[in-house]
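Open the model in your viewer and keep the selection tool at hand. This tour tells you what to select, stop by stop.

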Amino acid sequence: MKQFLIFVKKEFYHIFRDRKSLLIIFLMPIMQIILFGFALTNEIKNSNIAVLDNSKDESTAAIIQRLDASRYFKVYQNLQSPSDIEKAFKTGNVRMVVVFQPGFRESLLHTHAAQVQLIADGSDPNTATTITNYAGSIISDYQKELYGQFEIPYTIKPEIRMLYNPQLKGTYNFVPGVMAMILILIAAMMTSVAIVREKEINTMEVILVSPLKPLLFIVSKAIPYIFLSLVNVVTILLVSYFVLDVPINGNLFLLMAESLLFIITAVSLGLMISTFTKTQQEAQMFSLMALLLPTLLLGGFMFPIESMPLPLQIVSNIVPSKWYFLIVKDVMIKGLGFSQVWKESLVLLGMSLFLLTISLKKFKIRLS
Amino acid sequence: MNAITVDHIVKTYGSKKQVLTALDDISFEVKKGELFGIIGPDGAGKTSLFRILTTLLLAEGGTATVDGYDVVKDYKQIRKSVGYMPGKFSLYQDLSVEENLEFFATIFNTSIDQNYDLIKDIYVQIEPFKKRRAGKLSGGMKQKLALCCALIHKPSVLFLDEPTTGVDAVSRKEFWDMLKDLKKQGITILVSTPYMDEAAMCDRVALIQSGKIMSIETPENIVKEFEGELWAVRSADMYRLLNDLKQYKYTESCNSFGEYHHLLLTKNQGGKEGVLKYLNELSHKNILLEHTAPNIEDRFMQLMKNT
């Protein structure tokens with residue numbers, strides 16, 4: 001027990017006396033969560049649009065006014081001729097052009113059909129789709145109001161509600177994603193680097209020629225990073241709750257327990273990486289390549305897994321972050337209980353046990 | 001019982017294509033309480049031997065025991081009872097002197113107080129700096145701290161791999177004095193060094209070269225084994241003197257030792273007069289030529305030449 005305590009103490013000395021690692025551990029999570037929360041969002045806010053109004057009547061004015069008043073759009077430019085449309089896009093200032101047919105209101109009232117064209121920049125398909133959807137719904141809102149004065153038979157009104165995230169806020173998706181990313185980085189990379197450092201600075205040679213058991217060595221190496229990662233979870237939750245207004249709908253203890261489980265998985269990954277890398281740089285590179293990229297690409301929070309080709313969907317199952325991302329979304333955003341996430345938790349537990357066993361087996365009791 | 005037995009140990013590195021033999025069928029024994037030196041140049045296989053004995057490497061052939069325990073089967077026992085100081089500095093640079101010592105004491109299930117007597121004489125020298133980080137110590141102090149850490153659990157056998165490499169002359173002298181004190185406490189010490197002059201401090205030494213032991217003897221006997229008469233030669237131009245002596249027809253070997261060149265003649269042909277005549281012909285000035293007692297390095301060079 002004394003061996004264990006002094007080892008953990010020594011490990012904390014290493015961390016707190018190395019400014020660089022301290023900076024990584026405590027500043028990076030806050031930076032990333034704020035970066036993702038504010039800057040890198042895929043929400044549409046105040047997109048510039050241009051209008052080519054060939055009708056200039058009461059109705060078109062009302063629609064333009066509504067578009068401009070919404071928080072999604074700002075009317076940036078009024079175009080005079082169809083040839084201006086291309087120019088407007090080429091300057092890069094507008095994301096959508098709204099074109100009204102001549103005699104818009106007249107044909108709306110007399111033939112009950114009027115045409116408005118929405119032209120968006122398809123080179124960014126996601127944004128284009130979102131923008132046209134927003135604009136479409138604003139226009140149909142106006143249409144409904146107009147119809148309200150008359151009675152029309154047979155109308156189907158789809159009423160759409162976005163559950164758990166009624167405003168479709170991107171941060172709701174990013175916070176769990178960033179949590180997964182930070183934890184895998186800190187816990188796995190720092191653990192692997194910490195162990196490999198002992199090899200690199202030669203202290204491993206002395207540690208090996210001592211009665212210290214491999215299991216004790218591994219556990220005492222991992223404990224400080226598990227603890228620090230938990231501190232990070234708390235920091236991230238605080239920042240996202242108070243700064244980014246992301247609610248914590250579920251049980252906080254369940255969320256922390258699940259985070260602890262994921263941290264253990266990440267630390268086990270780090271331990272495994274340390275068994276086959278020789279230098280700190282190697283361990284760092286490997287952690288970045290093998291953990292960060294899959295987490296970003298296959299973790300599900302950047303690109304939805306359901307829309308990936310089948311092989312990638314299968315591969316994504318071995319990415320621990322994917323499961324943690326699902327758990328955090330369920331618990332934190334949807335407020336679900338353990339009964340809804342036990343399967344994902346079991347997967348993480350299984351991964352941890354598997355990785356721990358491997359790293360203990362692969363632990364070299366001799367040099368080379 | 002011997003503290004260390006090494007029996008036909010073979011160690012090779014590399015793949016099948018390019019095999020590098022580090023230890024070539026080595027055997028020797030170290031008695032309990034002995035201060036045993038492994039003397040040889042860099043790359044002779046000293047570190048490989050130490051790592052095999054401290055259970056860090058596996059030998060390809062042969063067996064070895066430390067304290068009666070087999071280095072392969074009973075490695076756990078050996079790791080409990082030996083002290084090891086690797087050739088490269090291997091303490092935590094970002095931990096203070098005191099923290100390093102406390103850490104290694106605890107790892108070996110003991111405490112500084114428990115075995116303080118053993119390290120007291122060494123530790124008092126670095127105690128004024130006990131709050132200083134190990135990375136900021138001088139080379140000599142680092143070695144002292146490393147020795148303290150290797151000693152803190154009162155090992156039965158102490159392995160010191162090139163402890164004086166990169167340490168100044170005064171600290172080297174101090175270090176060997178410390179080893180002699182430790183020997184009095186009954187600790188068996190196996191020490192390696194590339195410095196021949198340090199061999200004289202050991203009870204017995206093994207001269208090792210290219211993975212082979214050339215001789216195992218007490219330092220006195222090693223010197224006695226020297227074959228032939230040795231001359232010390234000096235003149236005004238030492239560099240030219242060395243080259244000229246090497247050209248001399250009866251020269252067996254000639255090596256530079258500080259302010260003298262050590263000259264060995266083949267069967268002492270020509271004697272002193274022959275050499276003097278040869279050197280005078282080459283107009284060397286202030287020639288000094290006298291008999292000298294061979295040292296361990298002379299014997300080492302001789303053995304190297306003969307193999």
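## Stop one: the two domains of chain B

Ten residues of domain 1 of chain B are in contact with nine residues of domain 2 of chain B; contact means that C-beta atoms, placed from the backbone, lie within 7 Å. This is a predicted model, where local features need pLDDT of at least 70, side-chain atom pairs count only at pLDDT 80 or more, and totals for chains, interfaces and linings use all residues. Residues are numbered from 1 along each chain as its sequence is written, while chains are lettered from A and ligands numbered from 1 in the order in which they are written.

Select 2-223 of chain B for domain 1, then 226-306 for domain 2. These bounds come from an automatic or database domain assignment. The domain centres, taken over C-alpha atoms, are 36 Å apart.

Now look at the domain 1 side of this contact. Strand E9 (204-209), strand E10 (212-217) and helix H7 (219-224) of chain B each supply at least two residues. Helices (H or I, at least four residues) and strands (E, at least two) are DSSP runs, numbered from the N terminus. H7(B) gives the largest share, three residues. By class, this side has eight nonpolar, two polar and no charged residues. Ala, Val, Leu, Ile, Met, Phe, Trp, Tyr, Cys and Pro count as nonpolar, Asp, Glu, Lys and Arg as charged, and the others, Gly among them, as polar.

## Stop two: helix H6 of chain B

Select residues 169-184 of chain B, helix H6. Which of its residues are buried? They are Arg172(B), Phe175(B), Leu179(B) and Leu182(B). Buried means 20 or more other C-beta atoms within 10 Å of the residue's own, exposed means 12 or fewer, and partly exposed lies in between, with C-beta atoms placed from the backbone.

Look down the axis of H6(B): the buried residues fall within an arc of 75°, so they line one face. The arc is that of the directions from the helix axis to the C-beta atoms.

Colour the packing partners next: strand E3 (35-39), helix H5 (139-151), strand E7 (157-161) and strand E8 (188-193) of chain B. Turn to the face away from the buried side. The exposed residues there are Ala169(B), Val170(B), Asp177(B), Lys180(B) and Lys184(B). After H6(B) comes Gly186(B), with a positive phi near 90°.

## Stop three: chain A against chain B

Show both chains. 19 residues of chain A are in contact with 24 residues of chain B. On the chain A side, H1(A) gives the largest share, seven residues.

Note on methods:
Expected span 1.5 Å × (residues − 1).
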